[in-house]
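Student: Could you take me through the surroundings of the ligand in this model, and then follow the chain outwards from there? I would like one connected account that I can check against the coordinates.

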Amino acid sequence: MRKKIVAGNWKMNNDLNQTISLIEELKKNHFNEVSVMIAPSSPFSKIAADLLENSPIEVIAQNIHQKSNGAYTGEVSCDMLKSIGILTTLIGHSERRAYFNEDDFVLLEKVKFAIDSGMNIIFCFGEQLKDRKSNKHFDIVKSQLENTVLKLNSESWKNIILAYEPVWAIGTGETASPEQAQEMHEFVRSCISKSYGDIISDEISILYGGSVKPSNAIEIFSKKDVDGGLIGGASLNAFDFSEIIKANK
Ligand code: PEP
């Protein structure tokens with residue numbers, strides 16, 4: 001059975017008080033059938049983990065560095081995160097690719113390092129608007145996956161969650177239609193199946209991300225290959241985020 005997951009990426013938002021009050025609001029809910037994750041900004045990872053110690057909501061990281069430690073000013077290592085109980089990280093978010101020059105080569109290093117360190121990853125990928133307009137979205141996604149996660153051994157796949165995030169839909173208010181999400185998720189599953197077989201491709205959770213809101217979540221999550229969502233803007237509002245989680249039935 002594939003896991004249903006909704007993860008909130010808070011990006012560089014929320015100070016300490018806002019982080020605490022958003023977590024306290026979320027804790028009032030009981031999300032029974034869905035795995036819920038939140039990725040606060042790194043200074044607040046530990047307090048978030050403490051506040052959620054006895055809660056099923058998992059605190060995850062937004063990013064990791066691909067080295068174990070050393071002179072990498074401003075970076076956060078897998079060991080640091082593990083030492084505060086954080087075992088899952090996003091990798092490959094389009095903002096990391098666009099603003100921090102993280103290309104497939106670096107992302108493969110990060111993916112391998114995180115998995116070798118015993119962490120789970122939510123690997124993000126997706127095409128830009130120009131790719132979709134020129135009908136290259138399947139080719140782009142295929143190459144993003146072939147250059148990274150499809151290079152891993154089959155054992156690694158138990159640590160992987162995928163998140164299809166068309167760049168043109170992130171933070172723009174424009175969402176992929178449920179049909180566009182479904183056809184890409186189905187395509188991604190077929191790529192995994194070709195490399196690793198049906199058991200792994202059937203088990204892998206593939207999330208959709210890109211302007212998911214309470215008003216469109218039910219329709220998107222109802223598609224058979226969409227196992228949940230990676231939510232940016234709407235995850236900053238406790239009510240909206242909770243409604244999105246509840247939509248993932
Ligand atoms: C994201 O940044 O991963 C994202 C999906 O953002 P938003 O929901 O705001 O489009």
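Tutor: Happily! Sorted by class, the shell around the ligand in this predicted model holds 4 nonpolar, 7 polar and 2 charged residues. That shell counts 13 residues, and the closest are K11, H93, E165, G171 and S211. Three polar approaches to the ligand are worth selecting in your viewer. In the side chain of E165, an N or O atom sits 2.7 Å from an oxygen atom of the ligand. G171 uses its backbone instead: one of its backbone N or O atoms is 2.6 Å from a ligand oxygen. G232 also takes part through the backbone, with a polar atom 2.8 Å from an oxygen atom of the ligand. As for cover, the ligand has 290 Å² of accessible area on its own, and the protein covers 96% of this.

Let's stay with K11 for a moment. K11 is in the loop between β1 and α1, and has a positive phi of about 50° without being a glycine. Its relative accessibility is 18%, under the 20% limit, so K11 counts as buried. M12 belongs to the loop between β1 and α1 as well, but at 79% relative accessibility M12 counts as exposed. M12 also gives a link back to G232: 220 residues separate M12 and G232 in sequence, while their C-alpha atoms are 11 Å apart.

Further along the chain comes helix α11, which spans residues 238–247. Its buried residues are A238, F241, S242, I244, I245 and A247. Here a general point about helices is handy: with 3.6 residues to a turn in an α-helix, residues three or four places apart point the same way. Among the elements that cover the buried residues of α11 are β1 (5–9), α1 (16–27), β2 (35–39), α10 (214–221) and β8 (228–231). At the N-terminal end of α11, N237 acts as a cap, with a side-chain oxygen 3.0 Å from the backbone nitrogen of F239.

Now for the nonpolar interior. The largest nonpolar core contains 62 residues, and F123, V149, W157 and L162 have the most contacts inside it. Helix α8 (residues 178–196) contributes the most to this core, namely 6 residues. W157 is a good place to see the packing: beyond its neighbours within four places in sequence, W157 contacts V149, L150, L152, L162, I192, Y196, I200 and I204. There is also a second, separate core of 12 residues, with A7, A39, A163 and L230 among them.

A buried loop residue makes a useful next stop. I64 is in the loop between β3 (58–59) and α3 (78–83), and counts as buried because its relative accessibility is 0%. Setting aside residues up to four places away in sequence, I64 touches V76, C78, L81, T89, I91, K110 and A114. You can also measure from I64 to S77: they are 13 residues apart along the chain, and their C-alpha atoms are 5.6 Å apart.

Finally, look at the polar group around D104. D104 is in helix α5 (residues 104–116), and at 19% relative accessibility it falls under the 20% limit, so D104 counts as buried. The side chains of D104 and R97 are joined by a polar contact of 3.4 Å. Not counting residues up to four places away in sequence, D104 touches R97, S143, Q144, N147 and T148. From that list, Q144 is a residue of helix α7 (residues 137–146) and is buried, with a relative accessible area of 10%. Q144 in turn contacts R97, D104, F125 and G126, leaving aside neighbours within four places in sequence. R97 thus appears among the contacts of D104 and among those of Q144.

One more backbone detail belongs here. N101 lies in the loop between α4 (94–99) and α5. N101 has a positive phi of about 55° although it is not a glycine. At 62% relative accessibility N101 counts as exposed, whereas K11, at 18%, counts as buried.

Methods. Residues numbered from 1 in each chain as written. Predicted model: local features only at pLDDT ≥ 70, side-chain atom pairs only at ≥ 80, totals over all residues. Heavy atoms only, no water. Near = heavy atom within 4 Å. Polar contact = N/O pair within 3.5 Å; in protein donor to acceptor, adjacent residues only side chain to side chain. Areas by Shrake-Rupley, 256 points an atom, 1.4 Å probe, with all protein chains shown as cover. Nonpolar A, V, L, I, M, F, W, Y, C, P; charged D, E, K, R; others polar. Core = buried A, V, L, I, M, F, W, Y, C linked by side-chain atoms within 4.5 Å. Buried < 20%, exposed > 50% of the residue type's maximum accessible area, 1.4 Å probe, protein only. Helix = DSSP H or I, 4+ residues; strand = E, 2+ residues; numbered from the N terminus. Contact = heavy atoms within 4.5 Å.
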